[in-house]
Amino acid sequence: MHSQKWIVIKKVFMKFQNFLMEKINVWHMHLQNYNKDSGRHIVANTNIRRGDILFIEKAFIFAPVFKENKEFYSFKCYNCLKDIISSVPCKFCTVCVYCDENCRDVSWKKCHKWECKGMQASIWFDLGIAFPAFKAMLKGASLGFHTVESNYDEDLKCFGDKHDNYRYFNRLLSNIYKNKNVAPYIVMAAIVISYLEKYTDFFPWFLKQPNCPKKDLDSLIKYVGGLITKHIAQLACNSSTIEHWTSSSFICDTIVVKALEDIPQNEEIFNCYGIDYRGMIREQRQYACRKLYHFECKCIICSDPANELDMLDSYLCPKCKGLVPEINNTVLSFCINCGEKYHLKPFRKINTEAQKYMESDSPNQLELLVKSLKIREKILYKHHKDFEEVYYRLYSFYVEHGDAENMFKYFHLWLENEKARRGSNSRGIGTKLYEAALAILHCLQNGQPKNCTNLKAFLQNVEFMIKEAKVILNLYYPAYITNRLNRKIQFISTK
Ligand SMILES: [Zn+2]
Ligand SMILES: [Zn+2]
Ligand SMILES: [Zn+2]
Ligand SMILES: [Zn+2]
């Protein structure tokens, strides 16, 4: 499936009692706290286990924001984000399609009548985040632009009002005064305004509405332009992006948020802002947090360089087995344990040789793979990225040859490396665990398995792998999908 980029507004989750009123289910209630260091934050008021649902929430607004994702229109209802089997297109632009006529009519009334012309001219895709900001403004227009006094308690009262949540949205932090360059926001808002003025009857229509906040056209235009600018800034730091439908936690337009790890009672609950240490170095992350969210990140990884992922790609100190970090564009490094200085060239040379063994297509594949592995074990830290391929190829070799015990051994070495590098909850790990468990089972079922001394213990190991796969996949998929794995477990236990 193509990568998708959508912006969905996530209301900062705060007063959970109100969720219930909005038919949003919350399984674990949390106290909402404030202190100078963390600002607003939430705390678990019960022990939470990995995989527990924290909250389920319907999006306030959503919109596609990238040109290259135009094809999404053919498989998602533009009104409710349901997958489409037979679609009903918009009568005018034919770009937007719906799951049925009702969705089409609702969408038209709600917003599409004002955006359809722009859809025909493809302007929205060039406006990026201004598009959802415009849609938020339309929502405000239909509700009367209510604002809430800048009062924390009032904020909480309005949050989760299913008839008028715009009041709450309108109060979200925009950080607009901390932002050094708001000019692009203003330009984008101005384009939306001139589009509305030239190609739609939005302003004349709105002036006639009983809840119109201004009496004359000029001041209404200025007012709406200001709101769109503010909404762009609010969305920049309060929205979530769906990049891949298959791996996102959204079901249609509703997000399901689960705990990725156990959280003891009274501990703060954290949310990843998408600036992942697995994909960015420290400086990039700190810069992104400052620029997008206007704070200094003091997370566990940011506060201690030894936690950084690139430390995993270290060599081993020949003297003390401490880490000698690989540093790009330099030839010198040192052991962070004993301080010994090293030239990196010899390490790099040995590692390149090890790689050559893997790439050879000699018939002695196994021998060469083991040779490559042995060399690397001497010079590379165990979580180094270059172990990934060699472990996986050894595992695949034994899958082909039906050797259960070696399959198990190399899969687990691969798994340990992968967990260190991608986190033990990564979806890929869940899928691979499941696949490997089935491969091993398959091998055991095929008559007399090679190299399997204790069948019972072995089956227990496989059962454990499937259980772990299920726990991980549960974080990403609804239960009805992961329940299929249950049948495999039952199958094993009856054997
Ligand atoms: Zn629909
Ligand atoms: Zn249309
Ligand atoms: Zn951090
Ligand atoms: Zn050392």
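What follows walks through the overall fold, two zinc sites and one small sheet of a predicted model.

Starting with the big picture, the protein chain runs to 495 residues, and 46% of them count as buried. Its secondary structure comes to 18 helices and 14 strands. As for how the chain packs against itself, take the contacts with a separation of 6 or more: residues 24 or more positions apart account for 61% of these.

Now for the metals, beginning with the zinc ion (ligand 1). Four sulfur atoms hold this ion, namely the SG atoms of Cys77, Cys80, Cys99 and Cys103, at 2.3 Å. The angles among the four donor atoms run from 105 to 114 degrees, and the site is tetrahedral. For reference, the ideal angle for four tetrahedral donors is 109.5 degrees. Read along the chain, the donors of the zinc ion (ligand 1) are spaced C-x2-C-x18-C-x3-C. Within this set, Cys80 and Cys103 tie together distant parts of the chain, 23 residues apart. Cys80 belongs to the loop between strand 5 (62-64) and strand 6 (88-89), while Cys103 sits in helix 2 (residues 101-120). Both Cys80 and Cys103 are buried.

This stretch also carries a label from a database. An unreviewed UniProt entry annotates residues 77-116 as "domain: MYND-type". In the model, that span is 40% helix and 10% strand, with its end C-alpha atoms 15 Å apart.

The zinc ion (ligand 3) has its own cysteine set. Its protein donors are the SG atoms of Cys297, Cys299 and Cys302, which lie 2.2 Å from the ion. Here the spacing in sequence is C-x1-C-x2-C. Cys297 has a relative accessibility of 17%, so this residue counts as buried, the cut-off being under 20%. Cys302 counts as buried too, because its relative accessibility is 3%.

Away from the metals, there is an open sheet of three strands worth a look, with the order 4-10-9 and antiparallel pairing. Its edges are strand 4 (53-58) and strand 9 (250-251), each of which pairs on one side only. Five bridges connect strand 4 with strand 10 (residues 254-258), again in the antiparallel sense. Along this pairing, Ile53 stands opposite Lys258, and Lys58 stands opposite Thr254. On the other side, strand 9 and strand 10 run antiparallel and are joined by two bridges. These two strands form a hairpin with two residues between them, where Cys252 adopts a positive phi near 50 degrees. As for burial, strand 10 is largely enclosed by the rest of the structure, because four of its five residues are buried.

Thr254 ties several of these threads together. This residue is part of strand 10, and besides standing opposite Lys58, Thr254 is the bridge partner of Ile251. Its side chain also makes a polar contact with the side chain of Asp253, at 3.3 Å. Leaving out residues up to four places away in sequence, Thr254 touches Ile56, Glu57, Lys58 and Ser249.

Key: Residues are numbered from 1 along each chain as its sequence is written. Chains are lettered from A and ligands numbered from 1 in the order in which they are written. This is a predicted model: local features need pLDDT of at least 70, side-chain atom pairs count only at pLDDT 80 or more; totals for chains, interfaces and linings use all residues. Side-chain values use heavy atoms; hydrogens and water are left out. Donors are N, O and S atoms within 2.8 Å of the metal (3.2 Å for Na, K and Ca); water is not among the atoms, so sites may look incomplete. Buried means under 20% relative accessible area, exposed over 50%, partly exposed in between (1.4 Å probe, protein chains only). Four donors count as tetrahedral if all angles lie between 85 and 135 degrees; four count as square planar and six as octahedral if opposite donors are over 155 degrees apart and all others between 65 and 115; anything else is irregular. UniProt positions are given in the numbering used here, feature names are shortened, and annotations may be inferred rather than shown by experiment. Two strands pair if DSSP finds at least two bridges between them. A polar contact is a pair of N or O atoms within 3.5 Å; within protein, one must be able to donate a hydrogen and the other to accept it, and residues adjacent in sequence count only if both atoms are side-chain atoms. Contact means heavy atoms within 4.5 Å.
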